[in-house]
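Biologist: I would like a close look at a single part of this chain, and then a connected account of how the rest is held together. Please take your time over it.

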Amino acid sequence: MGSFCSLWDKLLRSPGYLRTFMQAEKIRWSQSIKHFKAHEKTLCGDVLLTAAFVSYVGSFTKRYRQELVEHMWIPFLKSQKVPIPITEGLDLIAMLTDDTTIAAWNNEGLPGDRMSTENATILTHCERWPLMIDPQQQGIKWIKNKYGTDLKVIRLGQKGFLKTIERALACGDTILVENLNETVDPVLDPLLGRNTVKKGKYIKIEDKECEFNKNFHLILHTKLANPHYQPELQAQTTLINFTVTRDGLEEQVVSVERPDLEKLKSLLTKQQNDFKIELKHLEDDLLLRLSAAEGSFLGDTELVEKLESTKSTAAEIEHKEVAEAKENEVKINEAREHYRPVALRASLLYFVVNDLDKINPIYQFSLKAFNTVFHKAIVWAESSEDLQGHITNLTEAVTYSVFLYTNQGLFEKDKLTFLAQTMFQILLRSKEIELLELDFLLRFAVEHTHKSSVDFLTPQSWSAIRAIALMDEFRGLDRDIEGSPKRWKKWVDSECPEKEKFPQEWKNKRYLQKLIILRALRPDRMTYALRNFVEEKLGSKYVESTRMDLAKLYEDSSPATPVFFILSPGVDPLKDVETLGKKLGFTIDSGKFHNISLGQGQEMVAEEALEEAATHGHWVILQNVHLVAKWLGTLEKLLEQYSKGSHSDFRVFISAEPAPTPEEHIIPQGILENSIKITSEPPTGVLANLHAALYNFDQDTLELCSRETEFKSILFSLCYFHTCVAGRLKFGPQGWNRRYPFNTGDLTICVNVLYNYLEAHTKVLWEDLRYLFGEIMYGGHITDDWDRKLCHMYLEEFMSPAMLEGELALAPGFLAPPNLDYAGYHKYIDEMLPAESPVLYGLHPNAEIEFLTMTSENLFKTLLEMQPRNLLVGDESGQSPEEKVKNVLDDILEKLPEEFNMTEIMQKAAVRNPYVLVCFQECERMNLLIWAIRRSLKQLDLGLKGELTFSPDMEAQQSALLYDSVPDAWTRLAYPSTYGLAQWINDLLMRCRELDTWTQDLVLPAVVWLSGFFNPQSFLTAIMQCTARKNDWPLDKMCLTVDVTKKIREDYGHPPREGAYICGLYMEGARWDIQSGLIAEARLKDLTPAMPVIFVRASPIDRQETKHIYECPVYKTKTRGPTYVWTFNLKSKEKSAKWVLAGVALLLAV
C-alpha cells in the first residue's frame, strides 16, 4: 500500500497531459487508498473474528451463529479496556472467499442460501479435518461434484477401507469417509489427531507406518441428524452443520418458478466476477510497471495505454455493476417476493414430512425425493391469467402433491397426525390461530383433580374445565356450565357434539377454542373434530380415503427409486406386484421376474438377482428384508451402485415389517429415503374381517368333510372367533393385556385340525377342540394368564352343542347360521350381522369411547413432540425453551418435600408388625425417588447455566420437562403411572402426604389409599400375615376376601379390628351397583366409576365363597399387563363369562 501511495504522488507531479488523464482515476484510487488505510487499523480484529468463526461456529444453526458473532463476540471485543477495532458490518465470508468462488460452488451443486455458503467457506478453510453433519445429503452431493473423480469415497468397515486410506495418505489424495456413526473406529485415532512420527513424515495406521503426504485431505460425513460425538473427536475435527433450515430451503425453492431471472442473475454475476478479475490483473500489472519505471514515464507508450485500458474497464464495470446489477436485482427480488408464499409452503411441508420419523423411524423421506415431488407439482399446477390466482394454484398443487406422496407411506393411525400437524403449521404461519391456545390444546396440562359440580361430567372432565377457565378467553366457562346444566348436558350427550352448536355465547368462539372445550368434555370425539377442522381449512379431498394405484407408483419409480412396502399382519401387497408384472411382461416364466423371500442363506441369491436384473432390465422382489439385519448395509450399497448406469426397466420392490420399538429399528436410512413407501393394512371392523376370514376357504373346503353340518358350523364359529380375537387388539389393554400377532395361518391350521378330528371320531369332542384351538393354536401366541382365560372363554361361548341346534348367539342379535353354501354364508353375514359395535366382541360400548379417547390422547402427545422447539413457547410468552424448562424445574424443586428421616421414624415403632414394615419400605423407596429427582434437577440446572457439561441423560430430561412428560430416570425408580408430568408431581406429593400422616404414629390409617403404594401387593400380603399370626393359621392356606361397602373414605374414623379398609380403586368395563351390592352393566360415557371403600380381610381358602362371583383382576394402571396386583372375588348375578369378555378389571389409577 505504501508503494501505491508514493506512485500516486509521482503521477500527480508528471507533465500536464498525464496529470489531466489521471484526474478521472483519482477518485477511484483515492477511495481505494482510504479503504486500505481504514482496513489496516481493523485488520487484526477482523482476522481474529474470522478465525474464531471458522474454528467454532460450524456446528451451530443460523440463529446461534448470528447470536454468537453479533451479540457475544463483537460486544466482547469492543468492551475490552483497549477495544479491538473491527470493520463495521464486517462480512466474514468476504474475508475468506469471493463471489467467483461462491458462484463456482453453486454450479457444483451447493445450495445458494447464506448458511450453505458459510459451511462451504468453513470446510475449505478449516485446519482440522471437517466433519459434515448432513442428514439431507446436500453437502456430500456438493463435495462429490467439487472433487469429481479425484475424490476417494469410503465407508468405515467396508472391505479394504484401510488400504484405500494408506494409498491416499501416500499420494496426497482427498478422501471422503461417508455415513459415520457416533463412534469411530479407534484405528483411525492417529489419523484424526494427525499424530505424525519421524518429523511429520509418517502416521501409524494399526501397526504400520504410512507415509504422510502434506497434500492429503480428509473429509468426514454423517447422515445422523443429531449425533453425540465424544469430546476428543470434536477437538480433532471441525464440525460443520449442513442440516437444511426452513429459511435456507425457502431460499432454495423460491426461484424455481422463474428460472429465466435466476439465469440472468447468474450470467451477470459471472460477468461482474470476470471484470473484477480483469481489473485486478490490470492494476497489478500497472503497479508493477510503475514501480519498475525509471525517470519519466512519458516515453512508455505501453504504460499510458495500460492506464487508458484500466480506466475504460473500470468505467464499464461501474456501468455493469451499478446500473444493470441494481436493475436486475430489483426485477429478481420483485419476482421472488411474488412467489414467496409458494416457497414458504414448500419449506413448511418439507419440515413437517421430515419430522414424521418421530412417530415411526420407518417414515424417512429425502430432500431429493421432496424436490422431485415439488417440481412435478409446479408442472401440474393449473395455470391462471391472474398472478395471484397462479400463486394460489401453485401453493395448493404443492400442498396436495406432498400430501398424496407422503400419505401413501403412512399407517392409517398416523395419517391424521400428519394432516393435523400440516394444518396447524400452515395456520400458525398465516396467524389464523394463536400459538398459546395451540400449545394448551396439545399439552392439556390438568394438574389438580376436582369433584364434579354437575352430575353429567366425570371428575376428569370437570377438572379440565376448571383448568381451561383460568385462561382469559375461557373465563366463566365453569360458572356457565353450572348455571345452565340442562343445555350443556344436552350438548355433551349428543352423538356428534363436534357438529352441534355450543351452548350460550360459546358458539361464537373460534374453531381452535371450541376444540379445547371439546377435548375437556368429549375427548372421544377429538379425532372426528380434527378431521372436520382439516376439511374446513384445507379442503375435503385431504380427508377422503385414497386407494393405492400400483401402476401409477410404477411410473414414479425408477432404477434409482425402489418401491418399499411397509407390511401389516394379514396383508400381502406383493401379489399386486406380480399381477402388474404379468400385464407388463415381467413374469417368473420369462425369467424377468425374481421373487426372493429373504432369510438364512438367501443373501447371495438376492445379490446375484440384483446384478442380473440391473444388467438386463428385470424386476426383483425382496421380501421380509427385516429378517436379514446384517445384510441390509450391503443392500443399501448395492441399490446405490445400481441406481446409476442400470437398464431403464430395472426395478426393485422391497417389503419389511416395521420394528415394534424405535430402538429395534434396523432398516438403513439410505434405503428408506430413496424409496417410494407404501403401507397396506387389513380392513377394519367385524363385517370386513369376518368376510376376510371366510375368504381363506371356498365351497370345496365346505364339502371336504363327511360330517358336513358339524364341520360347517364349527368352521363359521372359528371364523367369528378369529375376527373377535384379532379385532379386540384395537381396544388396547381392555381388549388384550398384551398385543399378539394373530394371523390367518392360525385360522387355517385350526380348520385342518377340525377336519382331521371330525373324520377320526364319531362324536364331536368339544373339550378337545377348545383345548387345541385355545391353548395350542391361538394360545401359542398368548403369554398372559388373563388373556389365556379370555381366549378360553370365547371358545366356551362360541363352541357348544347348542350351535348345531341353531340356538347359539355369537353376539347379541347374531345367531350362528344354519347349514348354507359358501355364497350363502357371505350373504348371511351381510344381511344378519348387526352394525359395528364393541358389543360384537363382548365388550361394553364404553370400550369404543375409551379407544377413541386414548387415540386422541396419543395423537395430541405425538403432535406436541412434533412441534418445532422454537414454536413450543412463542413471542407471546416471551420464553425460550430453556427458560420454560428452568421454570418447570424451579417449580418442582420448590414443591418437592424433604426425604423421610428413617432413623426418627424407626424409633417410633414399639412393635414392628407387617403393616409397620410396609410403611418403612414405602418410605425408603420414596426417599430414593425424591433424592433422584432432586439430584437430576440440580444437575440439569447447572447444565442450563453452562456450569456442567450437558450429558445425553440431561438432554433427555430437558426434553421430557419441555413436553410435560416424566423423565425415564424417574420412572425407573417410581411406580407405574400414565400421568403427564404436572399430574404426576401432584400425585407424588399426595403419596408423600399419605406416608407422612402414617409415619406420625405408625398406626394403620382408618382407610388405606391403596393406590398410593409403590408395592400394593406388600400391603395386601401384610393383611394376611397379621391375620395368620393372630389366628395361628398357615399363610399358604389363606386368601383374601373382599366386601364392597356402601361408604366413602370420609365415613370411617378408625380401622377395622381385623383386615383393612382400602380406597382409591376404579372399575373399568362395568360398574359397582351400591344398592344391590353386585357388578352391573356400566353407564354410557362413565368409563371408570370409582369404587366405594372395600373391606379386605384374610380367611382360609376352604371358607372362600366360590358361587356367583367374578374373579376380578386388579391392576395399577390402565395399561394392565405387567401392572397386575391381585385378584378380588366380586359378587355377580351374571355368568362370569360376560365380565371376562367385557374386560372388567379394577384399576388403582385412571
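How many residues does helix α33 have, and how far does α33 reach from its first C-alpha to its last?

Modeller: This is a predicted model, and what follows should be read in that light. Helix α33, covering residues 766-777, has twelve residues, and from its first C-alpha to its last it reaches 15 Å, which is close to the 16 Å expected at 1.5 Å a residue. Within α33, the buried residues are Trp766, Leu769, Arg770, Leu772, Phe773 and Gly774. Seen down the axis of α33, these buried residues fall within an arc of 170°, so they line one face of the helix. The general background is that an α-helix has 3.6 residues a turn, so residues three or four places apart point the same way. As for what lies against that face, the buried residues of α33 pack against three helices, namely α31 (708-727), α32 (744-760) and α34 (785-798).

To set the helix in its surroundings, the chain has 45 helices and 25 strands, and its C-alpha trace spans about 130 × 80 × 75 Å along the principal axes. Of the 1150 residues in the chain, 50% are buried, while the accessible surface comes to about 55800 Å², with 51% of that area belonging to carbon and sulfur atoms. If one takes the contacts between residues at least 6 apart in sequence, 74% of them join residues at least 24 apart.

Aromatic rings provide some of the pairings, and a search of the whole structure finds 47 aromatic pairs. In one of them, the rings of tyrosine 511 and phenylalanine 533 have centres 4.5 Å apart and planes at 5°, so the pair is stacked. Tyrosine 511 lies in helix α22 (residues 511-521) and phenylalanine 533 in helix α23 (residues 526-538), so this pair ties together parts 22 residues apart in sequence. The two partners differ in their exposure, since tyrosine 511 is partly exposed at a relative accessible area of 22%, whereas phenylalanine 533 is buried at 1%. A further pair is formed by tryptophan 619 and phenylalanine 653, whose ring centres are 5.1 Å apart and whose planes stand at 55°, so the pair is tilted. Tryptophan 619 belongs to strand β11 (residues 619-623) and phenylalanine 653 to strand β12 (residues 651-656), so parts 34 residues apart in sequence are tied together, and both of these residues are buried. Ring pairs also link a cluster whose members include Phe716, Tyr720, Tyr778, Tyr794 and Phe798.

Charged side chains form a second set of links, and the whole structure contains 48 salt bridges. Arginine 114 and aspartate 91 meet in one of them, at 3.1 Å from N to O, and this pair links distant parts of the chain, with arginine 114 in helix α6 (residues 114-125) and aspartate 91 in the loop between α3 (62-78) and α4 (92-96), 23 residues apart. Arginine 114 is partly exposed at 41% relative accessible area, and aspartate 91 is likewise partly exposed at 32%. Another salt bridge joins lysine 1138 to glutamate 1081, with the closest N and O atoms 2.8 Å apart; lysine 1138 sits in helix α45 (residues 1136-1141) and glutamate 1081 in the loop between β21 (1078-1080) and β22 (1094-1100), 57 residues apart. Finally, Lys144, Arg155, Glu178, Lys223, Glu636 and Glu640 are linked in a network of salt bridges.

Note on methods
Residues numbered from 1 in each chain as written. Predicted model: local features only at pLDDT ≥ 70, side-chain atom pairs only at ≥ 80, totals over all residues. Heavy atoms only, no water. Salt bridge = Lys/Arg side-chain N within 4 Å of Asp/Glu carboxyl O. Helix = DSSP H or I, 4+ residues; strand = E, 2+ residues; numbered from the N terminus. Buried < 20%, exposed > 50% of the residue type's maximum accessible area, 1.4 Å probe, protein only. Expected span 1.5 Å × (residues − 1). Arc of directions from axis to C-beta. Contact = heavy atoms within 4.5 Å. Areas by Shrake-Rupley, 256 points an atom, 1.4 Å probe, with all protein chains shown as cover. Phe/Tyr/Trp six-rings, centres within 6.5 Å; stacked < 30°, edge-to-face > 60°.
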